[in-house]
Amino acid sequence: MPKHYAVFGNPIAHSLSPRIHAAFARQAGVDMDYVAIQAEDFAAALSAFEGDGASVTLPHKEVAAALCASLGERARRAGVVNTLIRTADGWHGDNTDGDGLVRDLTGRRRLDLRGRRTLLLGAGGGARGVAPALLDAGIGDLFIVNRTPGRTDALADALGEPGRVHPRNFEDLGSLGEFDLIVNATSAARSTDFPSLPMSLCGPRTTAVDLNYGEAAIPFLAWARAAGAHEALDGLGMLVEQAAESFRLWHGVRPDTGPVYAELAGESLSLVSAD
Ligand code: NDP
(Lines give C-alpha, C1' and ligand atoms only; values in the text may rest on other atoms or scores of the structure.)
Protein backbone atom coordinates (compact mmCIF):
# COMPACT_ATOMS: atom_id res chain seq x y z
CA MET A 1 0.00 0.00 0.00
CA PRO A 2 1.47 3.38 -0.95
CA LYS A 3 1.74 6.08 1.68
CA HIS A 4 -0.02 9.37 0.95
CA TYR A 5 1.50 12.87 1.03
CA ALA A 6 0.49 16.30 -0.27
CA VAL A 7 1.54 19.93 -0.47
CA PHE A 8 -1.03 22.53 0.60
CA GLY A 9 -0.84 26.13 -0.60
CA ASN A 10 -2.62 28.98 -2.34
CA PRO A 11 -1.66 29.28 -5.16
CA ILE A 12 -0.25 25.79 -5.66
CA ALA A 13 -0.73 24.93 -9.34
CA HIS A 14 2.92 25.53 -10.27
CA SER A 15 4.47 23.77 -7.27
CA LEU A 16 7.49 21.62 -8.14
CA SER A 17 7.14 19.64 -4.90
CA PRO A 18 5.16 16.70 -6.41
CA ARG A 19 7.83 16.30 -9.09
CA ILE A 20 10.70 16.58 -6.59
CA HIS A 21 9.19 14.07 -4.14
CA ALA A 22 8.35 11.64 -6.95
CA ALA A 23 12.01 11.75 -8.04
CA PHE A 24 13.20 11.20 -4.45
CA ALA A 25 10.76 8.28 -4.01
CA ARG A 26 12.00 6.59 -7.21
CA GLN A 27 15.58 7.04 -6.06
CA ALA A 28 14.91 5.65 -2.54
CA GLY A 29 12.48 2.92 -3.63
CA VAL A 30 9.69 4.35 -1.43
CA ASP A 31 6.09 3.49 -2.39
CA MET A 32 4.19 6.77 -1.99
CA ASP A 33 2.08 9.33 -3.77
CA TYR A 34 2.34 13.11 -3.34
CA VAL A 35 -0.21 15.54 -4.73
CA ALA A 36 -0.74 19.32 -4.74
CA ILE A 37 -3.86 20.55 -2.93
CA GLN A 38 -5.15 24.08 -3.54
CA ALA A 39 -6.33 25.30 -0.12
CA GLU A 40 -8.08 28.60 0.60
CA ASP A 41 -9.22 27.34 4.02
CA PHE A 42 -6.17 25.41 5.21
CA ALA A 43 -7.67 24.09 8.46
CA ALA A 44 -10.64 22.60 6.58
CA ALA A 45 -8.44 21.16 3.83
CA LEU A 46 -6.08 19.55 6.34
CA SER A 47 -8.84 18.02 8.42
CA ALA A 48 -10.26 16.38 5.26
CA PHE A 49 -6.82 14.95 4.37
CA GLU A 50 -6.17 11.36 5.42
CA GLY A 51 -2.53 11.13 4.40
CA ASP A 52 0.62 10.35 6.38
CA GLY A 53 2.34 13.70 6.01
CA ALA A 54 2.24 17.01 4.18
CA SER A 55 4.22 20.02 3.04
CA VAL A 56 2.79 23.47 3.72
CA THR A 57 3.54 26.53 1.66
CA LEU A 58 2.47 30.13 1.41
CA PRO A 59 0.38 31.55 2.95
CA HIS A 60 -0.43 28.78 5.46
CA LYS A 61 2.79 28.15 7.41
CA GLU A 62 1.74 30.10 10.50
CA VAL A 63 -1.72 28.53 10.66
CA ALA A 64 -0.09 25.12 10.25
CA ALA A 65 1.99 25.73 13.38
CA ALA A 66 -1.16 26.58 15.32
CA LEU A 67 -2.87 23.35 14.20
CA CYS A 68 -0.08 21.03 15.36
CA ALA A 69 -0.30 18.86 18.47
CA SER A 70 3.48 19.12 18.85
CA LEU A 71 6.32 21.10 17.28
CA GLY A 72 9.94 20.22 16.65
CA GLU A 73 12.64 22.63 17.82
CA ARG A 74 13.08 24.26 14.39
CA ALA A 75 9.35 24.91 13.99
CA ARG A 76 9.02 26.21 17.54
CA ARG A 77 11.81 28.74 17.01
CA ALA A 78 10.51 29.78 13.60
CA GLY A 79 6.85 29.92 14.68
CA VAL A 80 5.99 28.45 11.27
CA VAL A 81 5.65 24.90 9.93
CA ASN A 82 6.39 23.64 6.41
CA THR A 83 6.38 19.90 7.17
CA LEU A 84 3.63 17.88 8.87
CA ILE A 85 4.00 14.34 10.15
CA ARG A 86 0.92 12.40 11.30
CA THR A 87 1.25 10.88 14.76
CA ALA A 88 -1.18 9.05 17.03
CA ASP A 89 -1.71 12.35 18.92
CA GLY A 90 -2.27 14.58 15.87
CA TRP A 91 0.07 16.49 13.58
CA HIS A 92 3.71 17.00 14.48
CA GLY A 93 5.15 20.11 12.81
CA ASP A 94 8.71 20.77 11.70
CA ASN A 95 10.41 23.39 9.57
CA THR A 96 12.98 22.44 6.95
CA ASP A 97 13.29 25.81 5.13
CA GLY A 98 16.27 27.01 7.17
CA ASP A 99 18.08 23.71 6.84
CA GLY A 100 17.38 23.83 3.09
CA LEU A 101 18.80 27.32 2.61
CA VAL A 102 21.91 26.72 4.70
CA ARG A 103 22.64 23.37 3.01
CA ASP A 104 22.32 24.97 -0.40
CA LEU A 105 24.59 27.89 0.49
CA THR A 106 27.25 25.98 2.44
CA GLY A 107 27.07 22.62 0.64
CA ARG A 108 26.23 23.25 -3.01
CA ARG A 109 27.63 26.80 -3.22
CA ARG A 110 30.52 26.27 -0.77
CA LEU A 111 29.91 29.59 1.02
CA ASP A 112 31.29 30.30 4.46
CA LEU A 113 28.45 32.15 6.24
CA ARG A 114 30.36 32.83 9.43
CA GLY A 115 30.54 36.48 10.45
CA ARG A 116 28.58 37.71 7.42
CA ARG A 117 26.74 40.97 8.00
CA THR A 118 23.30 39.95 6.76
CA LEU A 119 20.16 41.70 5.53
CA LEU A 120 16.89 39.73 5.47
CA LEU A 121 14.11 41.24 3.36
CA GLY A 122 10.71 39.96 4.52
CA ALA A 123 9.19 38.64 7.74
CA GLY A 124 6.66 36.12 6.40
CA GLY A 125 6.73 32.34 6.61
CA GLY A 126 9.90 31.93 4.54
CA ALA A 127 11.84 34.60 6.44
CA ARG A 128 10.77 33.12 9.78
CA GLY A 129 11.95 29.70 8.66
CA VAL A 130 15.41 30.78 7.49
CA ALA A 131 16.34 33.37 10.15
CA PRO A 132 17.11 30.93 13.02
CA ALA A 133 19.15 28.69 10.72
CA LEU A 134 21.21 31.64 9.44
CA LEU A 135 21.96 32.68 13.03
CA ASP A 136 22.93 29.09 13.89
CA ALA A 137 25.22 29.00 10.83
CA GLY A 138 27.21 31.80 12.45
CA ILE A 139 26.30 34.91 10.49
CA GLY A 140 27.21 38.24 12.11
CA ASP A 141 24.61 40.95 12.66
CA LEU A 142 21.20 40.26 11.13
CA PHE A 143 19.16 43.26 9.95
CA ILE A 144 15.49 42.55 9.14
CA VAL A 145 13.34 44.80 6.98
CA ASN A 146 9.71 44.13 6.10
CA ARG A 147 6.92 46.13 4.44
CA THR A 148 4.73 45.73 7.55
CA PRO A 149 6.92 46.90 10.47
CA GLY A 150 4.90 45.03 13.13
CA ARG A 151 5.95 41.72 11.56
CA THR A 152 9.60 42.82 11.51
CA ASP A 153 9.47 43.50 15.24
CA ALA A 154 7.62 40.24 15.95
CA LEU A 155 10.27 38.21 14.10
CA ALA A 156 13.15 40.06 15.78
CA ASP A 157 11.56 39.51 19.22
CA ALA A 158 10.97 35.81 18.51
CA LEU A 159 14.63 35.32 17.59
CA GLY A 160 15.56 36.50 21.07
CA GLU A 161 19.03 37.86 20.25
CA PRO A 162 18.69 41.64 20.60
CA GLY A 163 22.46 42.14 20.45
CA ARG A 164 22.69 40.50 17.02
CA VAL A 165 19.24 41.00 15.42
CA HIS A 166 18.16 44.49 14.34
CA PRO A 167 14.66 45.31 13.01
CA ARG A 168 14.66 48.26 10.58
CA ASN A 169 12.24 49.97 8.18
CA PHE A 170 12.45 50.06 4.37
CA GLU A 171 13.09 53.82 4.62
CA ASP A 172 16.27 53.09 6.65
CA LEU A 173 17.86 50.94 3.93
CA GLY A 174 19.87 53.81 2.42
CA SER A 175 21.76 54.34 5.68
CA LEU A 176 22.57 50.73 6.55
CA GLY A 177 25.75 50.42 4.47
CA GLU A 178 27.04 47.34 2.68
CA PHE A 179 26.09 43.72 3.49
CA ASP A 180 28.00 40.46 2.97
CA LEU A 181 24.75 38.51 2.53
CA ILE A 182 21.34 39.79 1.40
CA VAL A 183 18.42 37.35 1.44
CA ASN A 184 15.20 38.24 -0.35
CA ALA A 185 12.39 36.38 1.43
CA THR A 186 9.56 38.53 0.08
CA SER A 187 6.96 37.49 -2.46
CA ALA A 188 6.98 41.02 -3.89
CA ALA A 189 7.98 39.96 -7.42
CA ARG A 190 4.84 37.86 -7.68
CA SER A 191 2.82 41.09 -7.59
CA THR A 192 5.08 42.93 -10.10
CA ASP A 193 5.55 45.41 -7.28
CA PHE A 194 9.18 44.82 -6.31
CA PRO A 195 10.36 47.59 -3.95
CA SER A 196 13.24 49.80 -5.08
CA LEU A 197 16.40 49.00 -3.11
CA PRO A 198 19.45 51.29 -2.74
CA MET A 199 22.57 50.19 -4.62
CA SER A 200 24.63 51.03 -1.50
CA LEU A 201 23.53 47.72 0.10
CA CYS A 202 25.73 45.74 -2.30
CA GLY A 203 29.49 45.63 -2.74
CA PRO A 204 32.08 43.34 -4.31
CA ARG A 205 31.84 40.89 -1.37
CA THR A 206 28.05 40.66 -1.34
CA THR A 207 26.23 37.40 -1.96
CA ALA A 208 22.59 38.08 -2.86
CA VAL A 209 20.18 35.17 -2.44
CA ASP A 210 16.56 35.09 -3.54
CA LEU A 211 14.25 32.48 -2.02
CA ASN A 212 12.31 32.77 -5.27
CA TYR A 213 13.43 31.14 -8.51
CA GLY A 214 12.49 31.28 -12.19
CA GLU A 215 10.81 34.50 -13.33
CA ALA A 216 9.99 35.63 -9.79
CA ALA A 217 13.71 35.84 -8.99
CA ILE A 218 14.52 38.13 -11.92
CA PRO A 219 13.88 41.59 -10.32
CA PHE A 220 15.93 41.00 -7.15
CA LEU A 221 18.80 39.17 -8.85
CA ALA A 222 18.94 41.79 -11.63
CA TRP A 223 19.10 44.54 -8.98
CA ALA A 224 21.90 42.69 -7.16
CA ARG A 225 23.98 42.29 -10.33
CA ALA A 226 23.44 45.93 -11.29
CA ALA A 227 24.46 46.98 -7.78
CA GLY A 228 27.77 45.10 -8.13
CA ALA A 229 27.14 42.02 -5.97
CA HIS A 230 29.81 39.32 -6.10
CA GLU A 231 27.18 36.66 -6.79
CA ALA A 232 23.40 36.41 -7.16
CA LEU A 233 21.74 33.05 -6.41
CA ASP A 234 18.15 31.91 -6.75
CA GLY A 235 16.09 29.67 -4.42
CA LEU A 236 15.93 26.53 -6.53
CA GLY A 237 18.68 24.80 -4.56
CA MET A 238 16.95 25.64 -1.28
CA LEU A 239 13.69 24.27 -2.65
CA VAL A 240 15.27 20.90 -3.41
CA GLU A 241 17.19 20.78 -0.11
CA GLN A 242 14.20 21.64 2.10
CA ALA A 243 12.21 18.94 0.28
CA ALA A 244 15.00 16.42 0.90
CA GLU A 245 14.95 17.19 4.62
CA SER A 246 11.14 16.73 4.70
CA PHE A 247 11.58 13.44 2.82
CA ARG A 248 14.09 12.33 5.46
CA LEU A 249 11.64 13.15 8.26
CA TRP A 250 8.90 11.08 6.59
CA HIS A 251 10.90 8.15 5.27
CA GLY A 252 14.15 8.03 7.25
CA VAL A 253 16.31 8.34 4.12
CA ARG A 254 17.98 11.50 2.86
CA PRO A 255 17.90 11.46 -0.94
CA ASP A 256 20.75 12.53 -3.21
CA THR A 257 19.63 16.01 -4.26
CA GLY A 258 22.30 16.51 -6.95
CA PRO A 259 20.55 14.92 -9.93
CA VAL A 260 17.14 16.40 -9.06
CA TYR A 261 18.61 19.90 -8.71
CA ALA A 262 20.59 19.52 -11.95
CA GLU A 263 17.48 18.56 -13.91
CA LEU A 264 15.42 21.49 -12.58
CA ALA A 265 18.27 23.99 -12.91
CA GLY A 266 18.52 23.04 -16.59
CA GLU A 267 15.01 24.37 -17.13
CA SER A 268 15.23 27.11 -14.48
CA LEU A 269 13.94 30.15 -16.36
CA SER A 270 10.81 28.41 -17.52
CA LEU A 271 9.87 27.54 -13.93
CA VAL A 272 7.22 29.48 -12.01
CA SER A 273 8.30 30.16 -8.43
CA ALA A 274 6.11 28.28 -5.96
CA ASP A 275 7.76 26.45 -3.05
P1 NDP B 1 4.40 34.97 3.03
O2 NDP B 1 3.12 35.25 2.30
O3 NDP B 1 4.37 34.32 4.36
O4 NDP B 1 5.22 36.37 3.22
C5 NDP B 1 5.38 37.23 2.12
C6 NDP B 1 6.45 38.26 2.45
O7 NDP B 1 6.65 39.11 1.32
C8 NDP B 1 6.06 39.18 3.61
O9 NDP B 1 7.22 39.56 4.30
C10 NDP B 1 5.43 40.37 2.86
O11 NDP B 1 5.43 41.58 3.60
C12 NDP B 1 6.39 40.48 1.69
N13 NDP B 1 5.81 41.18 0.55
C14 NDP B 1 4.80 40.75 -0.25
N15 NDP B 1 4.56 41.67 -1.23
C16 NDP B 1 5.45 42.68 -1.03
C17 NDP B 1 5.70 43.91 -1.71
N18 NDP B 1 5.00 44.28 -2.79
N19 NDP B 1 6.70 44.71 -1.24
C20 NDP B 1 7.43 44.35 -0.16
N21 NDP B 1 7.23 43.20 0.53
C22 NDP B 1 6.25 42.37 0.10
O23 NDP B 1 5.29 34.15 2.00
P24 NDP B 1 6.59 33.26 2.35
O25 NDP B 1 7.40 34.03 3.33
O26 NDP B 1 6.20 31.88 2.66
O27 NDP B 1 7.34 33.25 0.93
C28 NDP B 1 8.02 34.40 0.45
C29 NDP B 1 8.63 34.03 -0.92
O30 NDP B 1 9.69 33.10 -0.72
C31 NDP B 1 7.61 33.36 -1.83
O32 NDP B 1 7.68 33.91 -3.14
C33 NDP B 1 7.98 31.89 -1.79
O34 NDP B 1 7.71 31.20 -2.98
C35 NDP B 1 9.48 31.94 -1.52
N36 NDP B 1 9.93 30.75 -0.77
C37 NDP B 1 10.78 29.87 -1.39
C38 NDP B 1 11.22 28.76 -0.70
C39 NDP B 1 12.19 27.84 -1.38
O40 NDP B 1 12.32 26.69 -0.92
N41 NDP B 1 12.90 28.26 -2.39
C42 NDP B 1 10.77 28.45 0.67
C43 NDP B 1 9.91 29.46 1.23
C44 NDP B 1 9.50 30.56 0.51
P45 NDP B 1 4.20 41.94 4.60
O46 NDP B 1 4.49 41.24 5.89
O47 NDP B 1 4.28 43.41 4.68
O48 NDP B 1 2.94 41.43 3.93
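**Largest pocket, ligand surroundings and backbone geometry**

In the predicted model, the largest pocket encloses about 840 Å³ of space. Its lining is made up of 35 residues, and those lying nearest the centre of the pocket are Leu58, Gly124, Ala185, Thr186 and Ser187. Three elements each give two or more residues to this lining, namely α3 (61-67), α6 (125-136) and α9 (236-251); of these, α9 gives the most, with three residues. When the lining of the largest pocket is divided by class, 13 residues are nonpolar, 14 are polar and eight are charged. Both domain 1 (3-95 + 239-271) and domain 2 (98-234) take part in the lining of the largest pocket, each supplying at least three residues.

The surroundings of the ligand were examined next. The ligand is surrounded by 26 residues, of which Gly126, Asn146, Thr148, Arg151 and Asn212 are the closest. Polar contacts to the ligand involve both backbone and side-chain atoms of the protein. An oxygen atom of the ligand lies 2.7 Å from a polar backbone atom of Gly126, and a polar side-chain atom of Asn146 is found 2.6 Å from an oxygen atom of the ligand. A nitrogen atom of the ligand, in turn, is 2.8 Å from a backbone N or O atom of Leu211. The ligand taken alone exposes 920 Å², and 92% of that area is buried by the protein.

Backbone geometry was then considered at particular loop positions. Most peptide bonds are trans, and most residues other than glycine have a negative phi. Against this background, the peptide bond joining Asn10 and Pro11 is cis, with an omega of about 5°; Pro11 is placed in the loop between β1 (3-9) and α1 (17-28). A cis peptide bond also leads from Leu58 to Pro59, where omega is near 5°, and Pro59 belongs to the loop between β3 (53-56) and α3. The residue that precedes this proline in the cis bond, Leu58, is also one of the residues nearest the centre of the largest pocket, while α3, at the end of the loop that holds Pro59, is among the elements that give two or more residues to the pocket lining. A further backbone feature is found at Arg110, which has a positive phi of about 55° although it is not a glycine. Arg110 is located in the loop between α5 (97-108) and β7 (118-121).

Key: Residues are numbered from 1 along each chain as its sequence is written. This is a predicted model: local features need pLDDT of at least 70, side-chain atom pairs count only at pLDDT 80 or more; totals for chains, interfaces and linings use all residues. Side-chain values use heavy atoms; hydrogens and water are left out. On a 1 Å grid over the protein atoms alone, a cavity is a set of points where a 1.4 Å probe fits but cannot get out, and a pocket is an open set with protein on both sides within 12 Å along at least five of seven lines; lining residues have an atom within 4 Å of a point. Grid points are joined across faces, edges and corners, and a volume is the space filled by probe spheres set on the points. Helices (H or I, at least four residues) and strands (E, at least two) are DSSP runs, numbered from the N terminus. Ala, Val, Leu, Ile, Met, Phe, Trp, Tyr, Cys and Pro count as nonpolar, Asp, Glu, Lys and Arg as charged, and the others, Gly among them, as polar. Domain bounds come from an automatic or database domain assignment. A residue is near a molecule or strand if one of its heavy atoms lies within 4 Å of it. A polar contact is a pair of N or O atoms within 3.5 Å; within protein, one must be able to donate a hydrogen and the other to accept it, and residues adjacent in sequence count only if both atoms are side-chain atoms. Accessible areas come from the Shrake-Rupley method with a 1.4 Å probe; for residues, only the protein chains shown count as cover.
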